[in-house]
Every structure is written in C-alpha cells, then in structure tokens.
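Biologist: I would like to go through the labels given to some aromatic residues here. Please show the structure and start from the criteria.

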Amino acid sequence: MGTRKKVHAFVRVKPTDDFAHEMIKYGDDNKSIDIHIKKDLQKGVVNNKQTDWSFKLDGVLHNASQDLVYETVAKDVVAQALDGYNGTIMCYGQTGAGKTYTMTGTTENYKHRGILPRALQQGETNRIIASHTMNKNSSRSHCIFTIYVEAHSRTLSDEKYITSKINLVDLAGSERLKKSGSEGRVLKEATYINKSLSFLEQAIIALGDQKRDHIPFRQCKLTHALKDSLGGNCNMVLLTNIYGEASQLEETLSSLRFASRMKLVTTEPAINEKYDAERMVKNLEKELALLKQELAIHDSLANRTLVNYDPMDEIQIAEINSQVRRYLEGTLDEIDIINLRQIQEVFNQFRVVLSQQEQEVELTLRRKYTLIDKNDFAAISAVQKAGLMDVDGHLVGEPDGQGFGLGVTPFSAKPGKKAKSKKMFKEQLSTSARKEGASSPVGGKDLDFSTSKTQLTPSSKEGDVKDMLMRDRETSSIEPLPLDSPKEELRPPRPSTPPPKPVAFEDFKNERGSEINRIFKENKSILNERRKRASETTQRINAIKREMDVTKEALNFQKSLREKQGEYENKGLMIIDEEEFLLILKLKDLKKQYRTEYQDLRDLKAEIQYCQHLVDQCRHRLLMEFDIWYNESFFIPEDIQVSLKPGGSIRPGMVPISRIMSLGEDDQDKFSQLQQTELPEGPDSFSFYNAKVKTEQKHNYLKTMMGFQQAHRK
Ligand code: ADP
Ligand code: MG
C-alpha cells in the first residue's frame with residue numbers, strides 16, 4: 001500500500017508453423033523481444049528507415065499453455081483481489097491473435113479454458129462457471145467482464161470486510177487502417193479501425209506522463225467504463241497477443257509499441273476496506289452489556305445503592321430542571337452528584353434555564369421599549385430620520401412604552417383647551433421662576449418655541465419644563481413649521497439652480513427659521529451668561545479660600561502664642577483673648593460664605609449642563625428645519641407640496657424627504673385621485689380622513705420597526 005507499481009506487460013505469441021525466426025528474437029531472460037526487418041524487404045524505401053527494435057517486457061509467452069498463462073499473468077492479480085485490491089487484466093492485439101482464446105478460452109475443452117473461468121475458480125465460485133456462456137464477441141467490440149469480490153472474515157467479531165473487483169478486458173482488434181498508395185510493406189502511420197482504442201491509447205499516454213494531471217477518460221465509453229480500472233489503485237496487467245508470422249510484422253510492431261507505452265503507467269494499489277455496520281453494532285452492544293455488568297459489580301463492591309445508568313426520562317429531567325431553578329434562586333444549597341449522565345443533564349438544564357431567562361428579559365424589554373441593534377446603521381438612521389432618536393442614539397419616548405408614536409401628539413391635544421392651557425402653563429412657569437429669584441434659562445423661551453411652533457399643547461398635569469422640552473424634541477422633526485404661513489404665499493419664483501447651502505442658511509435664518517434662530521441665540525446667550533457667572537463664582541470662591549488660609553494661619557499663630565505664654569482656665573473653660581476670638585469668628589463667617597458660594601457654583605454647573613443640552617437641541621433642530629426648508633424651496637415639486645400642507649395627506653417630516661422626492665408621476669396621480677375619491681365633502685370627514693392617514697402611518701412605522709427587530713433576531 002502506498003507504493004507505486006508499474007503495469008505488468010506480457011506478450012503471448014500465437015503458435016504457428018511459420019514463425020519468423022529471422023525477424024523475431026527473444027531475450028535470454030524471456031523478458032524482451034527484438035524485431036529485425038531485413039533490408040531487402042524495404043523495397044524502395046529511404047535508407048535511414050529504422051530496421052531494428054527492442055521491447056522490454058515482463059515476460060514473453062511462447063507456446064505457453066493456458067495453465068502457464070494463467071499462472072504468469074492472472075494468478076497474483078486474482079489473489080490480491082481476494083485481499084481487497086482491485087485488478088485489471090487486458091488483452092490487446094490484432095484480430096485473430098488470440099485475445100478471446102486467452103481471456104475466455106474454449107468452451108469445449110476444460111484444459112483450454114481461459115483466464116475468466118480460472119479466476120472464478122480461484123475465487124471459489126466454481127458453480128458460476130457452469131452457467132457462464134462463452135459468448136463469441138465480435139472482433140469489432142470490446143468485452144469487459146467484471147468480477148465483484150466481497151470478503152468477510154470468518155470470525156464474527158471482525159466487522160471489517162473488503163470489497164474489490166477484477167476487470168477482465170477483451171479489447172477489440174487493434175489492427176490499423178493502412179494508408180493507401182505506395183508500398184504495402186512500408187511501415188507507416190495508420191489509424192485504428194476502432195476509434196475507442198485510439199482514445200484508450202491517449203488515456204494510457206496521459207497516465208504514463210507524470211506531469212499530466214488530467215486523464216481524458218470521458219472521451220469514449222471504453223475509457224469511461226475503465227476509469228477506475230486503468231491506473232489508480234489497481235493491479236494492472238496487459239497481455240499483448242501477437243502473431244509470430246512475418247506477414248503480420250507491421251501489426252506486431254504496433255502492438256508491441258502499445259505494450260511498451262503501457263509499461264510506463266504506474267498504479268498505486270490500495271485495499272478497499274469497509275466496515276460492516278450491523279456487525280459493529282452487535283459488537284458494541286456486547287461490549288456495552290459487559291461494561292454494565294462490570295459497573296454493577298463496582299457499585300456493589302463500593303456499597304453504593306443501585307444506581308441507574310439508563311438514559312433519563314422526562315420526569316427525571318424535569319426534576320433536574322427544578323433542582324437547577326431552586327439552586328439559582330438560592331432555595332437549594334447543593335445538587336448531589338449521582339453519576340456522569342446526571343451531571344451532564346444538570347449542566348444541560350443550566351443552559352436551558354439560562355436561555356429561558358435571556359428570552360424572558362428580552363421579551364420584557366421589548367414590551368417596554370423599541371430595541372434597535374446598535375450596529376445596524378440603516379435602522380438607526382431610519383429612526384433618526386423619523387425623529388425618534390436623538391443624535392446621541394437615545395431613543396426618544398416615554399419609558400412606559402405608551403404614547404410614543406410618529407406624528408402623534410403624546411399630550412391630550414384638545415383644540416378647545418389649547419389657548420387656555422397654554423396660558424396656564426406660562427403663568428405657572430413665571431411664578432416658579434420668580435420664586436427662584438432668577439430667570440430660568442429655559443423658561444418662557446423654550447416654551448414659546450414648543451407651543452407656538454408645534455401642535456403641542458402642554459399637559460394639563462403639572463409637567464415640568466424639562467419633560468416639556470423632551471416632548472418638544474420628540475416631535476420636533478415630525479412637526480416642523482407650518483408651510484402655509486402668510487409669508488410663504490408671497491414666495492418669489494423658484495430659481496433654476498439652488499443657492500449654495502451657506503447662503504441659503506442665512507436666508508432661512510431671516511425667514512422661516514427666524515423664530516428658532518432667535519430661541520437658539522437666546523439660549524446661547526443664557527448659556528454664556530451662566531458660564532460667566534460660574535467663572536465669577538469660582539473666582540470668589542478662590543478668594544474666600546485664600547482669605548480662609550490667611551485667617552487660619554493667623555489663628556494658629558495666636559494659638560501658639562497663647563500656648564507659649566501659659567493658658568488660663570476658668571471653671572473648665574478656656575480663656576482666650578479678643579484678637580483670637582475675632583479671628584475665630586471671621587473664619588467661621590468665611591466658611592459659611594465658602595459653602596454658599598460653593599453651592600451656587602454647583603447649581604450653576606447643573607444649569608450650564610442643561611443649557612448646553614438645550615443649545616445643542618436647538619442647533620440640531622435649526623439644521624433639520626433648514627434641510628426641510630431647503631428641499632422644499634428648491635427640490636420638491638410644488639404640486640407635491642400641496643399634499644404636504646396641513647390638511648393634506650402627507651405631513652412633512654413623517655415621510656423621509658428621499659421618499660417624497662421619489663414619488664413618480666404615477667404616484668402623484670394616484671394621490672390626487674385618492675384625495676378626490678376618498679374624501680367626501682364636509683370638514684368633519686376631512687379631519688376623520690386625516691386621522692385615518694395618521695393611524696395608518698403609525699401602523700406602517702411600527703410594522704417596519706418590527707421587521708427590523710425580527711431581522712435582528714435571526
Ligand atoms: P482474437 O480474439 O484475438 O480475435 P481468437 O482468440 O478468437 O482471436 O483466436 C483466433 C483463433 O485462434 C481461434 O480459433 C483460437 O482458438 C485460435 N487460437 C488463438 N490463440 C491460440 C493458442 N494460443 N493456442 C491455440 N489456439 C489459439
Ligand atoms: Mg476475439
């Protein structure tokens with residue numbers, strides 16, 4: 001196994017009374033043939049033509065009996081097949097040279113039986129011979145006999161068995177088509193009568209060439225059928241049948257050439273070993289029974305009560321699951337170890353419980369929040385576009401999961417109460433601001449911003465300012481400034497090329513963005529003012545600290561002076577002089593000042609942080625509104641904008657600009673048709689329709705989000 005082996009090539013010469021002794025000579029070791037063509041036979045042919053050939057082979061069989069041929073050529077191959085090696089024996093040669101005689105022999109005479117019946121005999125399957133019919137195959141066709149061998153060991157315990165096959169090939173006649181013309185005796189190139197032999201030769205040449213990795217087996221039926229019998233892991237033998245007569249020398253030469261080419265082919269014989277699954281299972285069962293017995297003996301020797309080693313049933317597994325749960329809860333201190341199977345099940349149940357808990361936690365979170373994968377940038381940007389997430393990636397929404405929706409005002413926005421509640425809210429804030437003794441940085445300013453520029457109305461509950469602003473932010477991108485402000489009507493005609501963004505931004509800040517810009521600037525100035533105050537307070541604190549240090553030092557000096565001069569006590573009380581007393585008072589006062597200022601600074605810092613947040617928010621909104629305005633002013637067709645106006649069926653901000661932009665002609669048509677057909681007359685149905693559209697949009701949004709979430713779970 002694993003070593004390469006050459007194809008064995010033998011020659012069998014058909015007995016004849018007219019053997020060409022002059023031309024055909026065998027080597028002393030009977031392993032070579034020399035061919036010599038007499039000059040006078042080469043009539044009229046150029047002198048430099050070759051006249052001598054020598055072929056090295058594995059054996060020449062001259063006047064050999066069928067017995068000897070089988071011994072020499074086939075016996076080893078068949079023996080090896082019984083040990084699991086595939087084998088191929090091929091007879092090659094011109095018609096009438098004795099291929100069929102060699103392979104099958106004669107039916108009439110037992111002594112003259114060929115390789116096939118003998119191989120079957122060697123394989124101890126004599127009875128097949130009787131039913132075997134020796135078909136006379138045409139010299140034009142190939143004949144392949146395949147003997148399949150499957151050998152099991154006589155001992156039942158051996159589950160290995162071998163399979164192999166022996167291919168016995170009686171090829172079609174190899175005679176060639178002579179080229180017409182000139183001298184009949186001249187050796188010249190000719191083609192095979194049988195084309196497949198030519199393909200066989202090509203495959204043989206490829207097999208003999210170590211550098212070739214592609215073997216053309218698929219070219220014809222013959223090579224295809226012999227694919228795994230030529231070369232590969234087979235023991236291969238070629239027997240070339242030749243005539244010994246001078247008249248057949250030309251064909252003899254080409255047959256010998258084929259033989260020597262075949263000798264270049266190497267194979268790598270290997271055993272075909274298989275495992276008998278049934279026997280293997282039986283053996284393992286036996287082994288298992290034995291081991292169980294062994295285990296039982298061990299248990300009884302170790303005084304262990306009967307331990308069950310069988311697989312666990314559902315009840316036992318459920319018990320282990322409950323043990324694991326109790327262990328995790330803390331109501332069970334230990335889980336007793338019983339056997340390996342039980343330990344494995346305990347671990348398994350840990351995994352089960354863990355994954356259940358994970359799912360429960362996730363479910364609880366999903367019930368409460370809309371979860372988005374932080375790595376899914378598409379989802380995040382979609383949510384940001386929809387205004388549901390701030391720039392820091394925090395979801396905007398109420399923690400209890402209610403009242404958060406796209407374009408849906410989370411407050412009770414009853415039109416009737418609008419004006420009233422707005423006023424109430426303002427009053428409430430200004431009083432609270434007065435109480436604090438300072439103007440709140442967020443106070444009326446941002447309230448103006450949120451109430452006048454959005455549909456929001458303050459909650460009838462006592463909502464704090466911060467909450468109010470959060471809500472403002474929540475809807476800021478959803479509910480931008482109304483499009484139908486009087487200014488808009490007088491808008492000059494749209495320029496053909498949009499102005500550069502920085503220029504447009506300046507315009508925006510003076511026009512529609514003026515209010516936001518004003519609030520933004522105000523918030524910024526409040527922020528700056530607070531910063532200034534914080535810095536002043538810090539300076540004061542530092543000054544106080546320095547004074548405190550000086551006072552402390554003076555006090556220490558007084559104290560040491562007193563200690564040096566001797567101390568006075570009166571009824572247990574220390575007597576100190578006035579100077580020291582004043583210093584103590586001063587230090588006390590300074591400490592008080594320090595604490596107050598320090599508290600102020602802390603408050604200021606909190607305010608600054610909050611103002612900063614507001615400024616950021618305003619800036620963000622300013623830019624967003626600008627983007628919307630910019631698109632509307634220079635990109636979105638005006639007829640689409642009709643639908644965007646309040647009362648139209650699209651509200652800006654809800655539909656990403658990119659989608660509005662991508663509405664084709666057809667969509668627009670559908671849109672106006674929809675408006676005409678679906679909208680009955682009367683203002684009541686109008687608002688109903690709007691409400692319906694809102695609901696649908698919210699529904700679509702939620703569906704999209706669910707889609708995202710599901711895609712992430714996968
Ligand atoms: P092929 O199959 O190569 O065409 P055959 O095997 O049919 O040739 O042989 C042609 C004839 O020669 C047959 O009658 C066969 O019995 C006979 N013959 C061939 N080889 C021998 C041999 N070695 N001894 C006796 N007869 C032979
Ligand atoms: Mg034949």
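Modeller: A residue counts as buried when its relative accessible area is under 20%. The model is a predicted one.

Biologist: Why is Phe505 called buried?

Modeller: Phe505 has a relative accessible area of 17%. The cut-off is under 20%, so Phe505 is buried.

Biologist: What makes Phe626 count as buried?

Modeller: Its relative accessibility is 5%. That is also under 20%, so Phe626 counts as buried.

Biologist: Why is the pair of Phe505 and Phe626 called edge-to-face?

Modeller: The ring centres are 4.9 Å apart, with 75° between the planes. Pairing needs centres within 6.5 Å, and edge-to-face needs planes over 60 degrees apart, so both conditions are met.

Biologist: Why is this pair said to tie parts of the chain together?

Modeller: Phe505 lies in helix α16 (residues 501–510) and Phe626 in helix α18 (residues 578–634), so the parts joined are 121 residues apart in sequence. Both residues belong to one aromatic cluster, which also includes Trp629 and Tyr630.

Biologist: How many aromatic pairs are found in the whole structure?

Modeller: The search finds 12. One of them, Tyr92 with Phe258, is stacked.

Biologist: What makes the pair of Tyr92 and Phe258 stacked?

Modeller: The centres are 3.8 Å apart and the planes differ by 5°. Stacked requires under 30 degrees, so the label follows. Tyr92 is in strand β7 and Phe258 in helix α7, 166 residues apart.

Biologist: How do you know that the charge of Arg176 sits over the ring of Tyr192?

Modeller: The charged end of Arg176 is 3.8 Å from the ring centre. The distance limit is within 6 Å, so the distance condition is met.

Conventions
Residues are numbered from 1 along each chain as its sequence is written. Chains are lettered from A and ligands numbered from 1 in the order in which they are written. This is a predicted model: local features need pLDDT of at least 70, side-chain atom pairs count only at pLDDT 80 or more; totals for chains, interfaces and linings use all residues. Side-chain values use heavy atoms; hydrogens and water are left out. Rings of Phe, Tyr and Trp (its six-membered ring) pair if their centres lie within 6.5 Å; planes under 30 degrees apart count as stacked, over 60 as edge-to-face and the rest as tilted. Helices (H or I, at least four residues) and strands (E, at least two) are DSSP runs, numbered from the N terminus. Buried means under 20% relative accessible area, exposed over 50%, partly exposed in between (1.4 Å probe, protein chains only). A charge sits over a ring if NZ of Lys or CZ of Arg is within 6 Å of the ring centre and within 35 degrees of the ring normal.
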